[in-house]
Amino acid sequence: MIRISSLASSVQPSATLAAGAKARELKAKGVQVFDFSLGEPDFDTPKHICDAAERAMRSGQTHYTPAGGTAELRKAVANWYGKTYGHQCGPENVLISNGAKHSIHNALAATVGPGDEVVIPTPYWVSYSDLVRMTGAAPVLVETEMVSGFKMTPDQLKAAITPKTRLLMLNSPCNPTGSVYTRAELEALVDTLVSESDAAILSDEIYEQLTFGDAKPTCVVTLRPGLKDRTITISGASKSYAMTGWRIGWTVAPVPLIKAMDNIQSQETSCPSSVSQAACLVALESPESVKSLAEMRAEFAARRDLACRLLKEIPGVQAPVPDGAFYVFFRVADHFGKSFGGKPVTDSLNFCTTLLEQAHVNLVPGSAFGVEGFVRMSFATGRDVIESGLARLKDWLGSGK
Ligand SMILES: Cc1ncc(COP(=O)(O)O)c(C=O)c1O
């Protein structure tokens, strides 16, 4: 008889992927769905990166690579940090994994376990709490407010720290809110952490190249000289280079942690895909990537402006303008307690399922990110879809009684 382990039973399916699946079901029946649920660029991987993959395949780069990634890619990632942020590190500080989610999993597996606490500001990316729980450690959720731009304050952090705190997880630009902490805000947080505990920082910077207007990404490890020894930086190719399906993420951290993660990875997956690593090397080093990234960023910025302008016109919706990533996280709680097509809506989950069923607009409930009263809209979709989908949302909300 097959029994499901308590570990597997305790893990929730990824809510964003589940929402995407439901929309696909409707689409398969021929229904036109306005899908704002998925967390990936809608652009295809730029041609010069695909060409590099083809060259790699044809030249025999089809074998296992070292568990933690090829020497060339590790060096390229280390160089990128030096060039981009002035963060001096070497290939020995870098581990390549099968996507940034895998990097986070391995970093958590190598640093925390039963009895440990991990502080996570909410709203947070769906996977954080489950990934922490899988190690046996406990997530400690810190609720942030819309009025403070969904950013954790040093006082909130201080209140969450206990003698069991081992790790603080940060994510700027943030999924789902699009918030980007300023350098000064991050300095205040890390100073609080350092003065109140000996906990480490896991900084998920996967959306670092997608910021808009004056907002700038900050590489947390560069904030203070002593942070090198206690900061784990996570990022990857998925969002910056539209390479979600290639599964390349990385960790930049002190050598002992990289070695520990390398050991885990060697038993777990042997190595990341050789072809994807060769493609990622070109993504990081080619000047053509700078151009394709700039084009993608400009289009996201235009869509953000469009989505926020249209959302502003909808009664009972409060939508803070995001500074990064490709999400708007907006408040719909004013519509709770109403009935739509005879169906009462009381929380973000039944708001989203009723909206999808009745108006074929797909949003992700705030509850999936640890917060009620809000929904997440991804604007990684065409402007026509944004215009038509938000017009439908407006009409549907107007039908509530
Ligand atoms: C905040 C955040 N971190 C990490 C990831 C994982 O990225 P990858 O596709 O490289 O595993 C995502 C993907 O949605 C994300 O939103």
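**Ligand pocket and helix α10**

In this predicted model, a polar side-chain atom of aspartate 204 sits 2.6 Å from a nitrogen atom of the ligand, a polar contact being a pair of N or O atoms within 3.5 Å (within protein, one must be able to donate a hydrogen and the other to accept it, and residues adjacent in sequence count only if both atoms are side-chain atoms). Asparagine 175 does something along those lines with a polar side-chain atom 2.7 Å from a ligand oxygen, and an N or O atom in the side chain of arginine 247 lies 2.8 Å from an oxygen atom of the ligand. The protein covers 93% of the 390 Å² of accessible area that the ligand has on its own (Shrake-Rupley method, 1.4 Å probe).

Numbering runs from 1 along each chain as its sequence is written. Local features need pLDDT of at least 70 and side-chain atom pairs 80 or more, while totals for chains, interfaces and linings use all residues, and side-chain values use heavy atoms, without hydrogens and water.

Turning to α10, this helix takes in residues 274-285 (helices are DSSP runs of H or I, at least four residues, numbered from the N terminus). At its N-terminal end, serine 273 acts as a cap, with a side-chain oxygen 3.4 Å from the backbone nitrogen of valine 275. Nine of the twelve residues of α10 are buried (under 20% relative accessible area, 1.4 Å probe, protein chains only), among them Val275, Cys280 and Leu284. The cover over these buried residues includes α3, α4, β2, β8 and α11.

Definitions and conventions: Helix = DSSP H or I, 4+ residues; strand = E, 2+ residues; numbered from the N terminus. Expected span 1.5 Å × (residues − 1). Buried < 20%, exposed > 50% of the residue type's maximum accessible area, 1.4 Å probe, protein only. Contact = heavy atoms within 4.5 Å.
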